Structure formats: structure tokens, C-alpha cells
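Here are some short exercises to work through with the structure at hand. Try each task yourself before reading its solution.

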Amino acid sequence: MNGNQLNRPLFSLKQSILRMSKPGKEDFYAFLQKMKNDMNEGLEREDDAYFELNAKALIGDPQAVSFFMNEIEKYLRKTPFTGKVPEAYRTAAEALYHEWKGFGPAYRWFTDRAYSESTGLQMIGKQIFYNHKGEFVAYPYEMPSLDRVEQLKRSLLKSDPNKKLNKDNPSVEFKMDDPLWPGRFIRLAIWVSPRVWDGFTTISLRRQVVEFLSLEDQAGTECIPAEAVEMIRALSSTFRNTIIAGAVGSGKTTFANTIVGEQLLGSSSCMGVVMIEKHPESILPYQIKGHRIIPIQAANEELMEVGVESLRHDPNILYMTEMRYNEWEFYLWSGEKGYDGITGTFHTVDSEDIPYQGAFAVSTRIGGSLKGHLISALKSCELVFILESVPNGKKRLTRISEVFYDEEKNSVFANDLMRWELQKRCWSYNDKLTKNLILKMTRKNEQATQLLQKELGRLAAAKPMDQPIKESLKSKIILNE
């Protein structure tokens with residue numbers, strides 16, 4: 001063997017094929033389209049099994065991914081790709097798969113553990129943003145084209161044939177399994193023209209990333225102070241009808257899970273929970289065992305009927321994880337019928353206006369007297385927790401309020417029991433609850449009520465609150481018409 005033979009590289013099939021191809025010139029998206037056309041006859045079938053396989057591939061199901069990746073790799077062996085792979089991908093096979101069956105360059109948010117704590121992803125036209133530590137920032141890549149966004153939209157809709165999206169129904173919401181968190185869901189909301197401008201199709205995704213947090217865990221995140229843990233636990237053990245409120249992303253669902261979870265963990269008997277949702281929000285059924293937690297899904301038009309039926313299952317707690325218009329009707333109806341232990345979440349930031357907003361929601365939906373609905377709401381809303389987002393992705397409980405009706409003044413007031421004082425950078429406390437609320441608490445759980453009064457008294461002595469009462473001007477106007 002001569003020296004030239006020794007220096008010659010070993011035979012490589014891949015290199016031989018590449019030498020016969022045009023190096024670096026081939027357009028990726030043209031190749032993708034040719035591959036789809038070539039594979040179309042063998043794979044694309046208009047039947048339920050294929051649609052199901054497509055839907056599973058979209059959310060990263062291992063078997064579906066393996067099937068399509070195998071088909072792509074077989075194709076590449078026969079027809080190698082010699083051009084440049086788009087920057088978001090590492091290999092041609094990976095790029096072809098995600099541009100054909102996946103979420104395009106956004107796929108890493110769904111499959112990469114580096115994004116597992118990100119609570120949201122949003123596509124607006126070609127642009128992509130994701131939630132990083134509580135704030136949306138630009139994703140490293142964009143969608144390749146508006147046509148690719150439309151293709152993704154169609155693929156998502158095929159996963160739920162009952163959903164319709166067109167000019168008459170320009171928005172839709174549904175859920176999908178989360179590939180990074182088995183047993184949890186990602187909520188999707190899609191807007192199309194005319195709800196948004198042409199070219200601005202919007203796909204918003206929200207991920208549940210938080211496990212069940214106890215009150216001690218909430219204190220560890222600085223959402224609440226450690227000094228108030230026993231007081232809030234005693235308060236939750238009185239099972240008053242409660243609204244957990246705040247802006248989007250303020251942590252209200254997580255805190256509502258905390259309150260309901262503490263009620264269950266603090267009980268010495270088996271409790272029944274009816275959890276009513278349009279889309280899965282709560283992770284309590286997966287986290288807390290030993291109690292009768294019934295997770296119910298109900299669409300808007302059936303929510304009231306399903307809610308009333310659910311009471312036949314003997315619940316101790318009614319839990320509505322995201323209240324909008326339809327949920328308020330059942331919430332007020334249940335409270336007026338004398339049920340307690342009702343907890344719901346709602347988008348607002350003013351404790352004193354909660355009864356008005358609940359009444360307005362019901363009045364808007366079913367009509368009738370706003371004043372009558374407000375009086376009903378005053379029998380159903382007793383406690384309000386207000387949360388807010390703070391920098392670095394953290395959340396803070398800013399108010400706990402008792403909501404009450406003053407007959408003499410014919411008006412509605414919020415009586416703050418705990419409040420974040422922005423100037424002092426600490427929480428303050430007020431231990432002057434109304435006699436009516438103390439009476440209801442005592443009837444439900446005398447021991448917890450005594451502990452609550454003791455803890456609130458201790459906290460209020462150390463950090464007293466100025467001007468704890470705030471009037472609802474909206475309610476006052478309605479009640480005095």
C-alpha cells in the first residue's frame with residue numbers, strides 16, 4: 001500500500017451521495033413541499049386514525065413522532081437534502097418534521113425542559129413571544145411565513161373537530177396535553193380575522209407549571225408573609241364564600257388551589273369537592289388524595305344546569321376555577337340557596353366592587369333587575385383575596401377583604417383584614433370583623449374562628465391598618481336608584 005492510499009479517507013456512503021448533489025444550494029421549503037407531495041399518496045388519508053395520529057404528532061406523542069420521523073428518515077435516505085437547514089433546527093429530519101407536523105420553530109417551548117417553567121407562548125402573525133419569569137420576551141425565532149401560521153391553526157383545529165373557527169366565529173378556546181408535564185394541559189386561544197387584522201392571526205398558549213402550594217410554600221415564594229400563615233389557614237377553615245381575584249397572570253388560580261387544598265388537608269373527614277371548569281385549570285385532583293374531588297367540564301350553555309345537578313353529589317366545597325359571565329349565575333344562585341364553601345376566581349382588582357361585578361355579569365347574560373342581582377350577590381360574596389404580579393415573575397397577595405352590606409347607609413363596603421402597604425413595604429392588619437361574619441364563621445367552625453380572631457388580633461396589634469373600610473360607589477348608585 002503506497003502513501004497516497006494511506007492518506008486517502010475511508011469510504012463514506014454519505015459523502016459519496018453529497019458529492020453527487022448540489023452542495024448548499026437547495027431551498028429547504030421547496031424541498032419540504034416536494035417531500036410532502038411525494039409522501040402524500042402513501043401517508044395522507046382522510047380518516048379518523050390519521051387525524052388522530054396527526055394530532056398526537058402535534059403535541060409530541062412519542063409513538064406518533066417516531067412514526068413520522070421514521071418516514072422522513074426513509075425519504076431522506078432516498079432523496080438527501082443538501083441545502084441549509086433553518087436556524088431553529090439541528091438536523092434536516094428534525095426541521096422537516098416540525099415544519100410539517102409540529103409547531104414549527106416554536107417546538108422547543110413544547111419539548112425542551114429549558115422552557116418548562118415558561119407559563120405562556122404567543123404567536124401574533126409570524127412573531128413569537130414567550131413568558132420568561134413573568135414577562136413576555138421575544139422568542140429566538142419567527143414562524144417562516146403567514147401560510148405556516150395558517151397551517152398550524154388548521155392542524156390545531158383538526159385535533160378537536162367540534163371547534164369551529166371562521167368569520168362568524170372568529171375566536172376559539174380548547175386544550176391539549178402538555179408534552180413536558182404529563183397529566184397537565186396547555187390552554188389554547190386562537191383569534192382570526194375579523195377579530196384581529198388580516199395577517200395577525202393570534203395563537204395564545206398558557207401552561208400550568210406550578211405544583212400545589214401550601215400556605216408555607218406561598219410564604220416561601222414571598223406571596224404572603226410567614227407571619228400570616230396561621231391566620232389565613234384559620235380563615236380558610238371557616239369555609240366562607242370566597243372570590244380569589246386579580247389580573248391575568250397574578251397567580252389567582254394557584255392561590256385558589258392553595259385555599260381549597262388547605263381546606264381539604266385540614267379536614268379530619270372525607271370532603272366532597274365539585275370542581276366546575278370550561279377548561280382544565282386546577283391540578284388539585286392530581287395532587288390531593290383521600291377526598292371526593294369531582295372535576296366537571298361544562299360549556300357555557302350547560303354550566304348552570306350542570307352546576308345544579310352537581311349539588312346532588314353532596315359536595316362540601318364548590319370550586320369554579322375561572323369565573324366569567326356564566327359561572328357567576330351559578331355562584332350567586334348557590335350562595336342565595338345557603339351553600340357555603342364556594343370558591344371562585346375572577347379578573348378584577350377591587351374587593352368592594354366584586355358584588356356589583358357579579359351582579360352585572362348575570363344581568364348582562366340573562367337580563368332582569370341589576371339591583372335584584374346585586375342583592376343576591378351580597379348574600380353570596382363574603383371574602384375576597386386580591387393578588388398582583390410583581391417583578392421577577394413573583395406574585396403578591398395585596399388584600400384580604402370582608403365584603404358586607406350596611407343597611408343604615410344602604411351601601412356595600414370592603415373591610416380589609418390584611419393589606420399590602422406600598423409605602424411601608426409590608427402588610428398591615430385589621431381585626432374588626434362584622435358581627436354577622438363572625439356568627440357565620442362560628443357556626444361553621446368555632447375553633448377556627450377563635451384562632452382567626454386571636455391571630456388577627458396579634459397581627460393588628462403589631463402592624464395596625466389605617467382606614468380599612470372602602471365603599472363601592474357602583475353598588476351605592478344601584479342600591480339607591
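**Exercise 1.** How many Å apart do the C-alpha centres of domain 2 and domain 3 lie?

*Solution.* Start with the bounds, keeping in mind that this is a predicted model. Domain 1 covers 24-102, domain 2 covers 103-209 and domain 3 covers 215-480. Between the C-alpha centres of domain 2 and domain 3 the distance is 31 Å.

**Exercise 2.** Describe how domain 2 and domain 3 meet.

*Solution.* Begin with the residues: 10 from domain 2 are in contact with 11 from domain 3. Next comes the area. Interface size is often expressed as the accessible area lost when the parts come together. For domain 2 and domain 3, about 1000 Å² is buried between them, with 47% of it on carbon and sulfur atoms. Then look for charged pairs: 2 salt bridges cross this interface. E173 and R324 join their side chains in a salt bridge, at 3.4 Å from N to O. On the side of domain 2 that touches domain 3, β4 (171-177) and β5 (185-191) are the elements that give two or more residues. The largest share of that side, 3 residues, comes from β4.

**Exercise 3.** Why is C223 not bonded to the closest cysteine sulfur, in C426?

*Solution.* First, search the whole structure: it holds 0 disulfides. Now check the distance. A disulfide needs two cysteine sulfur atoms within 2.5 Å. The sulfur of C223 is 16 Å from that of C426, so the two are too far apart for a bond. Finally, compare their surroundings: C223 counts as buried because its relative accessibility is 2%, while C426, at 22%, counts as partly exposed.

Key: Residues are numbered from 1 along each chain as its sequence is written. This is a predicted model: local features need pLDDT of at least 70, side-chain atom pairs count only at pLDDT 80 or more; totals for chains, interfaces and linings use all residues. Side-chain values use heavy atoms; hydrogens and water are left out. Buried means under 20% relative accessible area, exposed over 50%, partly exposed in between (1.4 Å probe, protein chains only). Domain bounds come from an automatic or database domain assignment. Contact means heavy atoms within 4.5 Å. Buried area is the accessible area (1.4 Å probe) that two parts lose on being put together, summed over both. A salt bridge is a side-chain nitrogen of Lys or Arg within 4 Å of a carboxyl oxygen of Asp or Glu. Helices (H or I, at least four residues) and strands (E, at least two) are DSSP runs, numbered from the N terminus.
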